[in-house]
Amino acid sequence: MLSQTEALVDLAAVRANTALMAGLTRAEVMAVVKADAYGHGIVPSARAALEGGATWVGVATLDEARAVRAGGVTAPVLAWLHTTGSDFAEAITAEVDLSVSSLAQLDEVTEAARGTGRAVRLHLKADTGLARAGARPEDWPRLLDAAAKAQADGHAEIIGVWSHLACADEPGADSNAVQLAAFLEALEAADAAGVHAPVRHLANTPGLLAAPETHFDLVRPGLGLFGLSPFPGDDHGLRPAMTLRAKVALVKRVPAGTSVSYGHTYTTTEDTTLALVPLGYGDGVSRAASGSGPVDINGRRFTVSGRICMDQFVVDVGDHPVAEGDIATLFGPDGPSADEWADVTGTINYEIVARVGPRVPRRYVGGEA
């Protein structure tokens, strides 16, 4: 039961989306649940995706990997974003796969492995054109040689070679073919160096949906798990998993000429009813949606009136019947979409769901959380 605000997460949708995408490829599926599963809840989402056909879990940080393991997930977990001085020994003991992009990273994780008496499970990342993590082509041979030596010494087990696409959500972009060619060259260099990783992976959600040539042994959907498409206007049959909503906290009649919220950027033009919704930028509702964010109340579409505050915003509902306790839906399958909120705030649907803050309770339906 909704008390004040909630992000309602449909785990059945997560399972269905995972199954749909798994059916589009012969590769294994890594469910990427970084950033608290794009705001949906890391452990419930990981479990639901595994039930839907994923066989791996992907996270950014070691803290996220720890949370997944603490939640009872035993599937292979890859963590790829860490800094020097991180607790690699704990991760290695928990059988978390680690990505390395440089000799310095490789040295640090293999040193931690020596301390645990276990071999670290490595994924070697090549920079094929995104220019974030990954070894540049000129540094790639040295990383391969050092990793091969660490494996021969018993301190590492090379599980994967991987990279990440920069423009997969633009299927016609020239860089996609350039990156694919660079990845194939990185794989050839690995084979030549005697590094025969059993898992090669490149594709994210858009690569999975639109570029089968990028699938290799493993695909890494993130956004698609939660029913959002990287291609505006084409949902690919995915079902949105999150509904963000709140109870109307206050309703009051005001006369024409009433200025609303900070800065008085909105003024009523006639006698009307104002509804107060207890969600704000402190909950992840972007202030950039002031005066433009779509809201559904009692099956009718309205727009945020005036500025969004830290904890609340106002909606001018005219003479339509709205009462305190009625449900205001910002986005979800039965209301406006995350894409609409992305459009009015000049961002992407990824950010709309991922920024929903911890003050908003998550409630799960469609299976055990």
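This report covers the two domains of a predicted model, the interface between them, and the annotated sites.

## Domain layout

The protein chain splits in two. Domain 1 spans 11-226, and domain 2 spans 242-365. Their C-alpha centres are 38 Å apart.

## Interface extent

How many residues of each domain are in contact? Domain 1 contributes 9 residues, and domain 2 contributes 8. Together the domains bury about 830 Å². Carbon and sulfur atoms supply 62% of that area.

Which residues of domain 1 lose the most area to domain 2? They are Y38, H40 and L223. This trio accounts for 52% of what the domain 1 side buries.

## Interface chemistry

No salt bridges are counted between domain 1 and domain 2. Polar contacts do occur across this interface: 4 residue pairs qualify, with both residues at pLDDT 80 or more.

On the side of domain 1 that touches domain 2, 6 residues are nonpolar and 3 are polar. None there is charged. A salt bridge needs a side-chain nitrogen of Lys or Arg within 4 Å of a carboxyl oxygen of Asp or Glu. Those four residue types are the ones that count as charged. The count of 0 salt bridges sits alongside a domain 1 face with no charged residues.

## Annotated binding site

An unreviewed UniProt entry gives R132 and M310 as "binding site". The two are spread over 179 residues of sequence. In space, their C-alpha atoms are up to 33.1 Å apart. Of this set, R132 is included in the lining of the largest pocket.

## Annotated active site

Which residues does UniProt list for "active site"? The unreviewed entry names K34 and Y262. These residues spread over 229 residues of sequence. Their C-alpha atoms lie up to 34.8 Å apart.

From this set, K34 belongs to the lining of the largest pocket. That lining also includes R132 from the "binding site" annotation.

Note on methods: Residues are numbered from 1 along each chain as its sequence is written. This is a predicted model: local features need pLDDT of at least 70, side-chain atom pairs count only at pLDDT 80 or more; totals for chains, interfaces and linings use all residues. Side-chain values use heavy atoms; hydrogens and water are left out. Domain bounds come from an automatic or database domain assignment. Contact means heavy atoms within 4.5 Å. Buried area is the accessible area (1.4 Å probe) that two parts lose on being put together, summed over both. A polar contact is a pair of N or O atoms within 3.5 Å; within protein, one must be able to donate a hydrogen and the other to accept it, and residues adjacent in sequence count only if both atoms are side-chain atoms. UniProt positions are given in the numbering used here, feature names are shortened, and annotations may be inferred rather than shown by experiment. On a 1 Å grid over the protein atoms alone, a cavity is a set of points where a 1.4 Å probe fits but cannot get out, and a pocket is an open set with protein on both sides within 12 Å along at least five of seven lines; lining residues have an atom within 4 Å of a point.
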